[in-house]
Amino acid sequence: MSLVPLNLFVAHQGRSSRQHVTCRNRCGDACSRPAPNTSDNAYFGDIVAAMSRRSVLRATGVAVLAVGAGSALAACAGETSTAPSSSTAAAGEPLPGMRFESVAPNTEDAVVVPDGYQQRVVIAWGDPVLPGAPVFDITRQTGAAQRAQFGFNNDFAALLPVEGVAGHYLLVSNHEYVSPQFMFHGYDADAPTREQFDIETGAVGLSVVEVQRSPQGGLRPVMGRYNRRITADTPFALTGPAAGSPAVRTAADPAGRTVIGTFANCSGGVTPWGTVLSGEENFHTYFGAAEGTAPADPARYKRYGVLTEPSELKWENFDPRFDLAETPQEVNRFGYVIEINPWDPASVPVKHSALGRFKHEAANVYVTGDGTVVVYTGDDERFDYMYKFVSDKLIQPGDFAHNMTLLDEGTLYVAKLSSDIPATEIDGSGKLPAAGAFAGTGTWIPLLHSGPAGKAESLVEGFSAQDVAVFTRLAADKAGATKMDRPEDFEANPKTGKLYVALTNNDKRGAEGKATPDAANPRNENKNGQILEITDDHGGTSFTWDLLLVCGDPAAADTYFGGFDKTKVSPISCPDNVAFDGHGNLWISTDGNALKSNDGLFAVALDGNRRGETKQFLTVPIGAETCGPVVTDDLITVSVQHPGEGDDHSLDNPLSHWPDGGTAPARPAVVAVWRDGGAIGL
Ligand code: FEO
Ligand code: CA
Ligand code: CA
Ligand code: CA
C-alpha cells in the first residue's frame, strides 16, 4: 500500500471534504442552504447553570460517566472523583479485536486493509440480484434491467445467517441515492430523460441477496429464493398514527395507508425477530415543482427542507406524485423508519409512523431485561435531535406475527441534554472543561403515545397525535429538545448496553443566529464531529452522557480520544455509522473526512486503560464514503458508497475506476475483508 505522510494532516482548515456534487445528489445541497431548525430552544447550559453537579447526579440517580480507566473504576466503586487523567498510559498490546497494524491515511483509488488481511468485492452496482438480470452494461442500461440488479450507492448493510445452511447469509443493502453524472454518459442535468428516470427509480430502495462464504475467502452472491429488489415502486403499508391522516392522503391513495416506494434509505438496523429496519433520510430532495409554485404547507415544508422549485433529479417531470404542485401530500409519506421481512420476498414492507417522521439516519433496537423493545434513531441534520421509541408490548421469542406489531404501539421521546459545566468553560474551541471531560445528564421528553388500532395520544400541547407523527420535528421543537451536531447512527453496545451516537459535524455551530457550543457539541464550526456515549435507563426517561471522542487531527488541541495518548491514535473525522464487534469494541465508519484522507473504518477501545484508543482498519477508494460496517469474528463487510464522486468529475471524466480498474466506470459495492486463517484483530 502506498501511504501519505502524516504531516499532510497538520493544517486542516475548511469544512468536511464531502464534495459539493455529493451534497447536491444526496441531500439537496443542504450544506449550502440554511439549517431548517430555526426554533429558539434555550441553550441547556443556561438552564442548569444554577444546579450543582451533585444535585444533577442525585436527581437522575446515576453517576456521570467517568473518562479514562482509573476514573471509570473509581466511579464503579462508588468513589466521587470523576476527573480523568489527561493521557492514560498505554500498557501492553491493544485489546482483543484491535490487534492489527493501523492503516495510514491515504488517497488511493483502492480499498486498503492492514497487512495480513484480504479484501474482495461481494456485489457491486448492476450485478444480478434476480433471475434473468442481464450482465451489467453501463452503455445499455434500462429500468427493467436495473430492477433485477443491485442498486446504486449502497449504504447500510445487514448480514443475517440463513438458518440450516452453513456459511450462507442474507445481505440486505440500502441504496441511498443516485448520482446521475456517474451513471449516465453525457448526462444533462437540465434535461434528464424518461429512461434515466426509470433507471434511477429502480436503482434506489433496497436489495436482498443471498451470499455464501467463498472458498477463496470473502462472500459471493447466490441467486437464492430470498433475493428481492425493493425500489421507488414497491408498495408499503403505512402503520401507526399517521396512517389515514389527512396529511398523507392523496388522490392515488385516498385512504392514506398504502405508500408507493422508499428512497433515501441511509443506515438501518436488524431486529431480534429477524427483520431489517431502514431510515428514510433525505427524502425531501426527490420532490420538486415548477419555479414560482407556492408551497402548500410553507412552515412544515420549510422545517423539512422541502423546496417548491425544480428538484436536482427532476423526477417531477415524469411522475406527478413527485410534483409538489400536483401532489402536495406525497412528501409527507416519506421520512419514516421502514421494516422489511427479508425472509419472505412477497411480504409487504411497513412504514412505522409511531417512530416519527424526520430525516432518520438509522434505527437500532435494544431489548431491556423485561422484553421491552427500545428503538434509537437520530435525525441527521445540523441542529436536529435524537429520539427513542419504547414499546408498550414485550417481545415474544418465536412469535413473529406479534413481534411485527411491536413498533406500532409505544411512546416516542426526544432527547434533552443538560450539563453543569459552566457555560464560561465551553468556549467553542473544544478545550476540555475543568472537570476534565465533557459530560452531563439528560431526559427523554415524551412526544407521542401510539396505542392499538391507530389510536394515539399527543403529548405535546397544540399538536394532534397525527401531527406529531407526521411533523415530528415541529413537535420536538415545541418540546425543547437539544440541538445536536447532525446525529447519525445511534446504537447500543450489545455487551454493555451503553449507547454510542455519531455526531458527524456541524459547520454552523456557533454561527451568527445559530445555537452556541454546549457541553455535548463543544466546538464552533465543527468540522470533524464527535462520539457521544450515553448510559440510558432504556425503558425510562433519564440518562447520563459523556463525549468519548472529539474527532479530528490528534495533533490538534481541540481533539480528545477518551483520555488515551493522542500520539498513538489514528486521525478520525466525520464519524457516521457505528457497529460493535464480539469483544465489545466500537467500530466507526466515516463520511467526508475533513483531514484530506479517504474515508475509513476505525476500531475504538471503550473500556480499561486503552479506552479511546482509535485504530484505522481500512480506507475506501478516493471520492467514496465508508458505510454500513458489519463486524463479525472472522469477517468484516463495508459498503463503499459513491467511489469517484468528486466535483468536476463524472462518468465521462472519471476520478475513480474502482473496483474493476482499467478504464471501467467506478461502481458502488459491498466489500468483504478477512484474515487468512484467523479471527479479526486477534
Ligand atoms: Fe445518509 Fe446521515 O447520511
Ligand atoms: Ca452521513
Ligand atoms: Ca450501525
Ligand atoms: Ca453514510
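# Calcium sites, strands and loops: reasons behind the terms

Author: P659 sits in the loop that joins β31 (636-641) to β32. The model discussed here is predicted.

Reader: What makes the peptide bond from W658 to P659 cis?

Author: Its omega is near 5 degrees, and the bond from W658 to P659 is accordingly described as cis.

Reader: β32 is named here; to which sheet does it belong?

Author: β32 is part of an open sheet of four strands in the order β1-β32-β31-β30, with antiparallel pairing.

Reader: Why are β1 and β30 said to stand at the edges?

Author: β1 (117-124) and β30 (625-631) each have a single partner strand, so one side of each has no neighbour in the sheet. On average, neighbouring strands of this sheet are turned by 25 degrees against each other, direction ignored.

Reader: What makes β1 and β32 a pair?

Author: A pair requires at least two bridges. β1 and β32 (residues 669-675) are joined by seven bridges in the antiparallel sense, so the requirement is met. One of the matched positions is A124, whose bridge partner in β32 is A669.

Reader: Why is strand β18 called mostly covered?

Author: Nine of the twelve residues of β18 (residues 439-450) are buried. Its partners are several. β17 (residues 410-418) runs antiparallel to β18 and is joined to β18 by nine bridges, with S418 opposite T441. β24 (residues 542-550) pairs with β18 over five antiparallel bridges, and D546 in β24 is the bridge partner of A439. β19 (residues 456-458) pairs with β18 over three antiparallel bridges, where S450 is matched with A456.

Reader: How many residues lie between the strands of the hairpin formed by β18 and β19?

Author: Five residues lie between β18 and β19, and A453 in the turn has a positive phi of about 55 degrees.

Reader: Which protein atoms are the donors of the calcium ion (ligand 3), and how do you know that they qualify?

Author: The donors are D489 (OD), E491 (OE) and V578 (O), at 2.2 to 2.3 Å from the ion. The limit for calcium is 3.2 Å, so these distances qualify. Along the chain the spacing is D-x1-E-x86-V. D489 and E491 are both buried.

Reader: Which protein donors does the calcium ion (ligand 4) have?

Author: They are D155 (OD), D576 (OD) and E625 (OE), lying 2.2 to 3.1 Å from the ion, so they too fall within the 3.2 Å limit. Their spacing is D-x420-D-x48-E.

Reader: What links the calcium ion (ligand 4) to the calcium ion (ligand 2)?

Author: D576 coordinates both ions, which are 3.5 Å apart. The pair connects distant parts of the chain, with D155 in β2 (residues 154-161) and D576 in β26 (residues 575-580), 421 residues apart.

Reader: Why are D155 and D576 called buried?

Author: Buried means under 20% relative accessible area. The value for D155 is 0%, so D155 is buried. D576 has 2% relative accessibility and therefore counts as buried as well.

Reader: Why is T504 placed in the buried class?

Author: The relative accessibility of T504 is 0%, so T504 counts as buried. T504 belongs to the loop between β22 (499-503) and β23 (530-536). Leaving aside neighbours within four places in sequence, the contacts of T504 include D485, R486, C574, D576 and D591.

Reader: R523 is in the loop between β22 and β23; why is R523 called buried or exposed?

Author: R523 has a relative accessible area of 4%, which means that it is buried. Among the residues R523 touches, not counting those up to four places away in sequence, are G428, R509, P517, V550 and D558.

Reader: What makes the approach of R523 to D558 a polar contact?

Author: The side chains of R523 and D558 are joined at 3.1 Å, and the limit for a polar contact is 3.5 Å. A further polar contact, of 3.4 Å, joins the side chains of R523 and N526.

Reader: What is the phi of E525, and why is E525 called partly exposed?

Author: E525, also in the loop between β22 and β23, has a positive phi of about 40 degrees although it is not a glycine. Partly exposed covers values between the 20% and 50% cut-offs. E525 has 48% relative accessibility and therefore counts as partly exposed.

Reader: Where is K596, and why is K596 called partly exposed?

Author: K596 is in the loop between β27 (586-590) and β28 (600-604). The relative accessible area of K596 is 46%, so K596 is partly exposed. Its phi is near 65 degrees, a positive value in a residue other than glycine.

Definitions and conventions: Residues numbered from 1 in each chain as written. Chains lettered and ligands numbered in written order. Predicted model: local features only at pLDDT ≥ 70, side-chain atom pairs only at ≥ 80, totals over all residues. Heavy atoms only, no water. Helix = DSSP H or I, 4+ residues; strand = E, 2+ residues; numbered from the N terminus. Buried < 20%, exposed > 50% of the residue type's maximum accessible area, 1.4 Å probe, protein only. Contact = heavy atoms within 4.5 Å. Donors = N, O, S within 2.8 Å, 3.2 Å for Na, K, Ca; no water. Axes fitted to C-alpha atoms, helices over the stretch in contact; angles between N-to-C directions. Polar contact = N/O pair within 3.5 Å; in protein donor to acceptor, adjacent residues only side chain to side chain.
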